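Please report on the model shown here, with attention to residue environments, surface and confidence.

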Amino acid sequence: MKTFVALLQREYWEHRGAFLKTPLIIGAVTIVVLLLGYLTTERFDQVMSNGQAIELGGQALQGIDSEKISTVIDVFMLTTESIYHLVLFIIVFFFLLGSLYDDRKDGSILFWKSLPISDTQTVLSKLITATVVVPVVFTACVILSHLAFFIVLSLLLLINGVNPFVILWSNIDFISNWGAFAIGCFVQAMWAMPVYGWLLFASSFSKRRPFLLAVFVPMMVGFVWYWYNAIFEFNVFKIGVFKTVGILLAKATTPFTSGLGFDFENIDFDASNQTKLELIKSMLNGLTSANIYYGLVFAAIMVAIAIYVRRFRNAT
């Protein structure tokens, strides 16, 4: 157990910049945008109305319904959290893509194999890092970033004579928003598990450019599959090439519009109509789909193959 924990610590310290600094930078950028927006507004107000508009706006802010303020805060927190989710997936994608390949590229694989560490422990440590360690770090960074943002916003409200505890802090639902992000990380990891397993396989198997195997091979398989359907299902010689291409493009988008449970025609973009608890419930309901378990089986097979390949491939 201590050996496995040490492997997780190794992955964290080797990629600390991507795992820790990146989400903190995102939080810093949001604070900078807040300050720039405030300074720009203040400058504009000084030119147009000698600062009276901001003062009047502060007085009007105290009369706004607390539910509307809560809705605005929830939209802000969920929007920033969606950015963190996107960045999280990108970081994990490239981390797994080079996780087993880089050891062979720089020759450090020979050092690690000289230690009493099995290939299974090495591969699983990288998978656990991607699915557990990185989301936990991102969750902590989201909490710190939100707190820092609201503290700076509170100071700006105080400067303009507005009580931040009444207007801001009493209307923030930290538990539900941060809980939604943490659960979203878990659900994202479950749905992305087949991708993570495939990336580990590509990283262990590729001799030079794992990106080509990880990305272009699935693209080529999908291309061949859809044209196979075009020839035998649509009879391309009868209905024509251009019409067939149109049908295939429509079918290609099906996994994103219906296969994953999304119905773009019935999406309600009014954030006030969907509470955070409903969002959490909808994410957890997605785990009941049979597709996710097929993906987990595929991921287990890919991880097992990656472990097997690593035992015999010691150089690029």
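Threonine 131 touches Ala189, Met193 and Tyr196, leaving out residues up to four places away in sequence. The structure is a predicted model, and threonine 131 is found in its helix α7. With a relative accessibility of 15%, threonine 131 counts as buried, because the cut-off for that class is under 20% relative accessible area. The side chain of threonine 131 also reaches the backbone oxygen of leucine 127, at 2.9 Å.

Alanine 180 lies in helix α9, which covers residues 174–191. Alanine 180 is buried, as its relative accessible area is 4%. When neighbours within four places in sequence are set aside, alanine 180 is in contact with Ile280 and Met283. The C-alpha atoms of alanine 180 and lysine 281 are separated by 9.4 Å, although these two residues are 101 residues apart along the chain.

On the surface, a nonpolar patch of about 690 Å² is made by Leu86, Ile90, Phe94, Phe211, Leu212, Phe216 and Met219. Helices α4 (66–99) and α11 (210–234) each supply at least two residues of this patch. The largest share, 4 residues, comes from α11. One of the patch residues, leucine 86, is placed in helix α4. Leucine 86 counts as exposed, since its relative accessibility is 54% and the exposed class begins over 50%.

The residues described individually are collected below.

| Residue | Helix | Relative accessibility | Class |
|---|---|---|---|
| Threonine 131 | α7 | 15% | buried |
| Alanine 180 | α9 | 4% | buried |
| Leucine 86 | α4 | 54% | exposed |

How does confidence vary along the chain? The protein chain averages a pLDDT of 79, and 76% of the residues score at least 70. Among the elements of the chain, helix α7 (residues 119–159) has the highest mean pLDDT, 94. The lowest mean, 40, belongs to helix α14 (residues 254–259). Over residues 251–273 the pLDDT is below 50, and this stretch has 16 contacts in the model beyond near neighbours in sequence. In residues 52–57 the pLDDT stays under 50 as well, and the model has 6 contacts for them beyond four places in sequence. Where pLDDT is low, predicted coordinates should not be read in detail.

Methods
Residues numbered from 1 in each chain as written. Predicted model: local features only at pLDDT ≥ 70, side-chain atom pairs only at ≥ 80, totals over all residues. Heavy atoms only, no water. pLDDT = per-residue confidence, 0-100. Contact = heavy atoms within 4.5 Å. Buried < 20%, exposed > 50% of the residue type's maximum accessible area, 1.4 Å probe, protein only. Polar contact = N/O pair within 3.5 Å; in protein donor to acceptor, adjacent residues only side chain to side chain. Patch = residues over 30% accessible without salt bridge, like charges linked within 9 Å, V, L, I, M, F, W, Y side chains within 5 Å. Areas by Shrake-Rupley, 256 points an atom, 1.4 Å probe, with all protein chains shown as cover. Salt bridge = Lys/Arg side-chain N within 4 Å of Asp/Glu carboxyl O.
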